[in-house]
Amino acid sequence: MRVSPFPVGIQIETTSRCNAKCGFCPHPVVSKTEPQGVMEESLYRRLIDEVSEYPVQLLQPFLNNDPLMDRQIVARTEYMARKNPHAQVCITTNGALLNQDIAEGLAELRLHTIHISSNGLTGDTYRDTMKIDGYTVLRNVNTLRDCLRRRGSRTRLVVTAILMKRNRDEVALMREYWRSRGVEFYLNPLNDRAGNIDVAEFADMLPFAEPANQSQLHNWQMTACQSLYTTLAVLWNGDVVTCCMDWRRDNVMGNVRDATIREVWEGAQYRSIRALSDAGRLDERPLCNGCGHNRFSIQPDRLAKQLTSGADAQSERDRELLGTLVHLREQSPQLIQLGLMQ
Ligand SMILES: C[S@@+](CC[C@H](N)C(=O)[O-])C[C@H]1O[C@@H](n2cnc3c(N)ncnc32)[C@H](O)[C@@H]1O
Ligand code: SF4
């Protein structure tokens, strides 16, 4: 594959912290062992200044964290957007810390998209899935929506949910709720973050009953990966890791405290992992091998056939869920993303 002269998509983690404890995310576990901290302002500015010399297309001021845990996030995102007026600047947050000031600040920036990761409509579902207060998030997202509207902003406000056992009965309501407020809503599949979530916990979160879940898990051979040629991910301390799946720093490509982004991008670590990818042997790296496993996606016809054989109450509930998903997708095909339904 052709290597872009400079990454076209860059994620910069300005703090490692997160205020939530999502059961589906490696953060609560990994943050206990991996170094934690906040990126120095001088490093952040130097990175953004370097990025501004290239025609980068997508910039995101977070990686494995919640960006609103950085008290300077509005100022930092403003700098990112101002120095890179041609890039799409997008931010993704759980929304719990999105108070009026931050909402006004972000709305002012004319970002391309603000994604809110929201996995329920009720307080109980929120507590069980993310351990944050759902009512606060709903209020905050509505506040942000109003801030954007008042400004006539073209920033997309998008709510995304992951389909899981714990929220499966709320997805139709969530879609209705956000639609009634004029906010885009998408449903994504769960994956095990390239082996970075516990296998048993992952299996427990899948939306259907067994063996339907197992039958819908896909295992792709990750022999090559385009992201190694196009995108770069920097942690708060300057470590450049493989991608957003590299929660435990399996492959550190270099550190941008001691080198420029360009030097790391062209450096030995990147050359070596790209050589494996070019040779179709990327699965020799454990992280990349794991990345192709445990990707959930629903094959509606196959699943429907499998479920008709079960006469028990659970199979009945699973059939109902499948019916809801098929119906939602018929109404708006783009609602169900990233291969949740093949
Ligand atoms: C790691 S979070 C970082 C940004 C922010 N803290 C948030 O939650 O939006 C980025 C996205 O990854 C999603 N995510 C986390 N774990 C996931 C998993 N196991 N499967 C699919 N998506 C996941 C989150 O829901 C979120 O939308
Ligand atoms: S998904 Fe986002 S909000 Fe949830 S624990 Fe992970 S980083 Fe935090």
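**View A. Helix 4 and helix 6 cross in a right-handed manner.** Welcome to a set of close-ups of a predicted model. Here, helix 4 (residues 100-108) packs against helix 6 (residues 134-150) at an angle of about 40 degrees, and their axes are 9 Å apart. Angles from 35 to 65 degrees are neither roughly parallel nor roughly perpendicular, and helix 4 and helix 6 are therefore oblique to each other. On the helix 4 side, look for Q100, A103, E104 and A107; they meet N140, T143, L144, C147 and L148 of helix 6. Sorted by class, this contact has five nonpolar, three polar and one charged residues.

**View B. Helix 2 and helix 3 come together with a crossing of roughly 20 degrees.** The axes of helix 2 (residues 41-51) and helix 3 (residues 73-83) come within 9 Å. With that crossing angle, helix 2 is roughly parallel to helix 3. The crossing of this pair is right-handed. Helix 2 brings Y44, R45, I48 and D49 to the contact, and helix 3 brings R76, Y79, M80 and K83. Four of these residues count as nonpolar and four as charged, with no polar ones.

**View C. Nine strands build an open sheet with mixed pairing.** To follow the sheet across, read the strands in the order 6-5-4-3-2-1-8-9-10. Strand 6 (184-188) and strand 10 (252-255) are the edge strands, each of which pairs on one side only. On average, and ignoring direction, neighbouring strands are turned by 25 degrees against each other.

**View D. Strand 1 and strand 8 run parallel within a pairing of four bridges.** The stretches to find are residues 9-12 for strand 1 and residues 231-234 for strand 8. A handy landmark is I12, which stands opposite V234 in strand 8.

**View E. Ligand 1 is surrounded by 17 residues.** The closest are F24, C25, D66, T92 and S117. Strand 3 (88-93) and strand 5 (156-162) are the elements that give two or more residues to this shell. By class, the shell around ligand 1 divides into seven nonpolar, eight polar and two charged residues.

**View F. The shell around ligand 2 has six nonpolar, four polar and two charged residues.** Among the residues around ligand 2 are C18, A20, K21, C22 and C25. H27, P28, N65 and D66 also belong to this shell, as do N94, S117 and M130. If you have just come from View E, you will recognise C25, D66 and S117, which are listed there among the closest residues to ligand 1 and here around ligand 2.

Technical notes: Residues are numbered from 1 along each chain as its sequence is written. Chains are lettered from A and ligands numbered from 1 in the order in which they are written. This is a predicted model: local features need pLDDT of at least 70, side-chain atom pairs count only at pLDDT 80 or more; totals for chains, interfaces and linings use all residues. Axes are lines fitted to C-alpha atoms, for helices over the stretch in contact, and angles run from 0 to 180 degrees between N-to-C directions. Angles under 35 degrees count as roughly parallel, over 145 as roughly antiparallel, 65 to 115 as roughly perpendicular and the rest as oblique. A crossing is left-handed if the near helix is turned anticlockwise from the far one by less than a right angle, and right-handed if clockwise. Two residues are in contact if their C-beta atoms, placed from the backbone, lie within 7 Å. Ala, Val, Leu, Ile, Met, Phe, Trp, Tyr, Cys and Pro count as nonpolar, Asp, Glu, Lys and Arg as charged, and the others, Gly among them, as polar. A residue is near a molecule or strand if its C-beta atom, placed from the backbone, lies within 6 Å of it. Two strands pair if DSSP finds at least two bridges between them.
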